[in-house]
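Student: Please pick one part of this model and take me through it closely. Then show me how other parts of the chain are put together.

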Amino acid sequence: MQPRNMSMSGVVDLAAVKAANEAKAKAEQARAEAARQGGGGAVPPSSLVIDVDEAGFERDVLQQSAVVPVVLDFWAEWCQPCKQLSPLLERLALEYNGRFVLAKVDVDANQMLMQQFGIQGIPAVFAVVAGQALPLFQGAAPEEQIRQTLDQLIQVGEERFGLTGIVVDSDAAPAAAGPAPVPVGPYDALLEAAVQALDAGDFGGAVQAYRNVLADDPGNSEAKLGLAQAELLRRVADMDPQKVRDRAASDPADAEAQIDAADLDLVGGHVEDAFGRLVETVRRTAGEDRDVVRVRLLKLFEVIGPDDPRVTAARSALARVLF
């Protein structure tokens, strides 16, 4: 066990990392090959959530982080917020199906690990990627923010280290899990109603129509894109553009002003300006302000769509700032 040797400087700037595309391709190939071999090397779902102590840290965390990002949940039995956060992290570990492993650390039984990670309070969540440790967040954060943080972590693992996760043996899944519910559809009428509401300037009606679709079918890509666009239009509808831009120009560290200006940038078709503004604001700010800006930037990515090269570039820029 040698966690004290892990760099906390962030994983993105490591000079020893292989070319991202080559690493990612090799990892994807290995993962696909394991799947073709009928789950050769696959792990049961129970292996996605593990308890870790000081004696097994090197094996269970450091070594495993060369294959898959390992998320560390520092908790204690007496910690009330931990009782809310830990079950959520466990559920997400199963849902992400091998894209990361959750390692739970009882701080009462592992004081040395707590000291080595410099933890001042719990719950505290860290990650280890390719042997490198980085802090994620502290406290019982909302599920949406946790998901977004995990998505960023997984992206860094894939793009910089080729870590595409581990194969999970679906045959070993608990029988009680059952098949995924089949979404009810089609949604042509609701989607058309949303478009008509947008055309009429009824942004609130459009938002509700898209949410009605997503309530039954959370993965509906058309509704996700439409909702992000409708929410953006609703936000800027009552803005005074000149006042917003004057305020943003006068104080680059004003998170709220930069968020509003970025919304206007995007509506005006200045996509890269909007993304660049918020990435820079994330770099300038800290704490709650920084997280609010990061969440808004992820929302703006949804407006443009995940496959747009401008989104890809901005995601990489955001990862460099965060990690």
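Tutor: What follows starts with one helix, then moves to helix pairs and a few backbone details.

This is a predicted model: local features need pLDDT of at least 70, side-chain atom pairs count only at pLDDT 80 or more, and totals for chains, interfaces and linings use all residues. Residues are numbered from 1 along each chain as its sequence is written, and side-chain values use heavy atoms, with hydrogens and water left out.

First, the setting. The protein has 13 helices and five strands. Here helices (H or I, at least four residues) and strands (E, at least two) are DSSP runs, numbered from the N terminus. Of the 323 residues in the protein, 46% are buried. Buried means under 20% relative accessible area, exposed over 50%, and partly exposed in between (1.4 Å probe, protein chains only). Among contacts between residues at least 6 apart in sequence, 71% join residues at least 24 apart. A contact means heavy atoms within 4.5 Å.

Now the close look, at α6. This helix covers residues 188-199, 12 residues in all. From first C-alpha to last it reaches 16 Å, close to the 16 Å expected at 1.5 Å a residue. That expected span is 1.5 Å times one less than the number of residues. Which residues of α6 are buried? They are L191, A194 and A197. Seen down the axis of α6, these buried residues fall within an arc of 120°, so they line one face of the helix. The arc is that of the directions from the helix axis to the C-beta atoms. An α-helix has 3.6 residues a turn, so residues three or four places apart point the same way. The face of α6 turned away from the buried side carries the exposed residues D188, A189 and D199.

What does the buried side of α6 pack against? Its partners are α7 (203-216) and α8 (221-236). Take A209, which lies in α7. A209 counts as buried because its relative accessibility is 8%. Leaving aside neighbours within four places in sequence, A209 touches L190 and A194. The C-alpha atoms of A209 and V195 are 9.0 Å apart, with their positions 14 residues apart along the chain. After α6 comes G201, with a positive phi near 80°.

Next, two helix pairs that share α5. The axes of α3 (residues 80-95) and α5 (residues 143-161) come within 11 Å and cross at roughly 45°. Axes are lines fitted to C-alpha atoms, for helices over the stretch in contact, and angles run from 0 to 180 degrees between N-to-C directions. That makes α3 oblique to α5. Angles under 35 degrees count as roughly parallel, over 145 as roughly antiparallel, 65 to 115 as roughly perpendicular and the rest as oblique. On the α3 side, the contact includes L85, L88 and L89; on the α5 side, it includes I146 and L150.

α5 also packs with α12 (residues 287-304), at about 75° and with the axes 11 Å apart. The two are therefore roughly perpendicular. Residues meeting there include Q145 and Q148 in α5, and R294 and L298 in α12.

Last, the loops. The I122 to P123 peptide bond is cis, with omega near 0°. P123 sits in the loop between α4 (111-116) and β4 (124-129). N97 is not a glycine, yet has a positive phi of about 55°. N97 lies in the loop between α3 and β3 (101-106).
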